[in-house]
Amino acid sequence: TVAFKVQSAAPSGTTDYGKIVALSNADPATNADIKLLCHFDSAIDDDSSQLDNTISGSGGAAINTTTKKFGAGSLELTSSSSQYVTTTTNPTTWYSAGNFTWDLWINFKSVSVRQGIISSGTVDDIEIELNGSNQFFAHFRDSGGTGYGITGTSNSWTTGQWYHLAVVRQNSTLSLCVDGVVEAQNTSYFTGAIQKRTNDLHIGRYHTGHYLNAYVDEARFTS
């Protein structure tokens, strides 16, 4: 027989029973590490993080309540209409030193062309994309302007299927993950601040265009 006890602290060693620890750090309302969390359920401007970033759409970007991964809707972006969303509310947030994770759910409406997913406005200090070879790719510039790119191995994506994409910097290791599986890793990545030449953060475009043709759900930045 196993009994369970809920407590707020990490469990200590015991015998004859187990403990489940319920932590609140997954709740954006109580976790300062979550700097952006867009559910895209009913409105584009729906950041649930403590920062409450103001999100605005361009080119007719809209919420789709039919195709979604979780909740009531997702962000629908159409590349032919140059659609994307942007925030400039807390610009220093995206460029800080230390560990971070960008992650989101994505459902491609088309592939075979370069598509920007997350970028730092009109410069390439932050770039997460599907490159011209259909590979998951991320690129960040250090505070001195040197760029560091990393490319995933997958180049086959099924339209109409949801994928979870994550870019994780943990100490000096940068990892690209697809559906929880590490696709590429650089174990000597820079750990300092990212170069900041703009206040913008875009979801749905590369810094020179290359708009995303996809549905996006649960876009999050944690640091």
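Q: In this predicted model, is Asp103 buried or exposed, and what is its relative accessible area?
A: A residue counts as buried when its relative accessible area is under 20%. Asp103 falls on the buried side of that cut-off, because its relative accessible area is 7%.

Q: Which residue does the side chain of Asp103 meet in a salt bridge?
A: Asp103 lies in strand E8, residues 100-108, and its partner lies in strand E17, residues 214-222, so the pair ties together parts that are 117 residues apart in sequence. The partner counts as partly exposed, at 32% relative accessibility. With an N to O distance of 3.0 Å, the residue that meets Asp103 in this salt bridge is Arg220.

Q: Which residue of strand E10 forms a salt bridge with Arg141?
A: Arg141 lies in strand E11 and its partner in strand E10, so the pair ties together parts that are 17 residues apart in sequence. Both residues of the pair are buried. The closest N and O atoms are 2.9 Å apart, and the partner of Arg141 is Asp124.

Q: How far apart in sequence are the parts tied together by Asp124 and Arg197?
A: The side chains of Asp124 and Arg197 meet in a salt bridge, at 3.0 Å from N to O. Asp124 counts as buried at 16% relative accessibility, whereas Arg197 counts as partly exposed at 45%. Asp124 lies in strand E10 and Arg197 in the loop between strand E15 (181-186) and strand E16 (201-203), so the parts that this pair ties together are separated in sequence by 73 residues.

Q: Which residues are joined into one network with Asp124 by salt bridges that share partners?
A: Asp124 forms a salt bridge with Arg141, and the side chain of Asp124 also meets that of Arg197 in a salt bridge. Through salt bridges that share partners, the residues joined with Asp124 into one network are Asp125, Arg141 and Arg197.

Q: Which residue's backbone nitrogen does the side chain of Asn134 reach?
A: Asn134 lies in the loop between strand E10 (123-130) and strand E11 (136-141), and Asn134 is buried, with a relative accessible area of 12%. Leaving aside neighbours within four places in sequence, the residues in contact with Asn134 include Val111, Val113 and Trp157. The backbone nitrogen that the side chain of Asn134 reaches, at 3.0 Å, belongs to Ser112.

Q: What is the average pLDDT of the protein?
A: Over residues 1-8 pLDDT stays under 50, and pLDDT also stays under 50 over residues 13-24. Of the residues, 87% score at least 70, and the protein's average pLDDT is 89.

Technical notes:
Residues are numbered from 1 along each chain as its sequence is written. This is a predicted model: local features need pLDDT of at least 70, side-chain atom pairs count only at pLDDT 80 or more; totals for chains, interfaces and linings use all residues. Side-chain values use heavy atoms; hydrogens and water are left out. Helices (H or I, at least four residues) and strands (E, at least two) are DSSP runs, numbered from the N terminus. Buried means under 20% relative accessible area, exposed over 50%, partly exposed in between (1.4 Å probe, protein chains only). A polar contact is a pair of N or O atoms within 3.5 Å; within protein, one must be able to donate a hydrogen and the other to accept it, and residues adjacent in sequence count only if both atoms are side-chain atoms. Contact means heavy atoms within 4.5 Å. pLDDT is the predictor's confidence in each residue, from 0 to 100. A salt bridge is a side-chain nitrogen of Lys or Arg within 4 Å of a carboxyl oxygen of Asp or Glu.
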